[in-house]
Amino acid sequence: MINELQLMKLNPEHAPTKQKIISVLSEYWPLTTKQVYERLQREYSSSVSYQAVHKIIKELVEEKVLEKKKEGYQLNLEWILEAKKILEGVEKRYTRNKKIKIP
């Protein structure tokens, strides 16, 4: 089956900062805003400012993509499950005609 969060990494160098933050938090969690910022710098050589990362994280919390825990931010489990459900639907539609086989 498709790894749902891998889809966000198809072209990480050109991905928007939101996708990069989601990608970082799909591998490491919970992280503080500062830790997310540092990972973006290290993994993507990102030129985005700390203030921009802070603002985007707040937006992702409002959108219920992220949730804040005492230790830091992590992906919202409900968002992960919804993304999984959507991608499973895509997989079913693609495999329904049996012309495409997804391992």
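Helices (H or I, at least four residues) and strands (E, at least two) are DSSP runs, numbered from the N terminus. This is a predicted model, in which local features need pLDDT of at least 70, side-chain atom pairs count only at pLDDT 80 or more, and totals for chains, interfaces and linings use all residues. Residues are numbered from 1 along each chain as its sequence is written, and side-chain values use heavy atoms, leaving out hydrogens and water.

Let's look at helix H3. Its 13 residues, 50-62, should span 18 Å at 1.5 Å a residue (counting one less than the number of residues), and the 19 Å between its end C-alpha atoms agrees with this. After H3 comes Lys-64, which has a positive phi near 65°.

Which residues of H3 are buried (under 20% relative accessible area with a 1.4 Å probe, protein chains only; over 50% is exposed, in between partly exposed)? They are Val-53, Ile-56, Ile-57 and Leu-60. These cover an arc of only 105° around the axis, judged by the directions from the axis to the C-beta atoms, so they sit on the same side of H3.

| Face of H3 | Residues |
|---|---|
| Buried side | Val-53, Ile-56, Ile-57, Leu-60 |
| Turned away, exposed | Gln-51, Lys-55, Glu-62 |

Now meet a partner, H2. Thr-33 lies in this helix, residues 33-44, and counts as buried because its relative accessibility is 8%. Beyond its neighbours within four places in sequence, Thr-33 is in contact (heavy atoms within 4.5 Å) with residues including Tyr-50, Val-53, His-54 and Ile-57. H2 is also among the elements covering the buried residues of H3.
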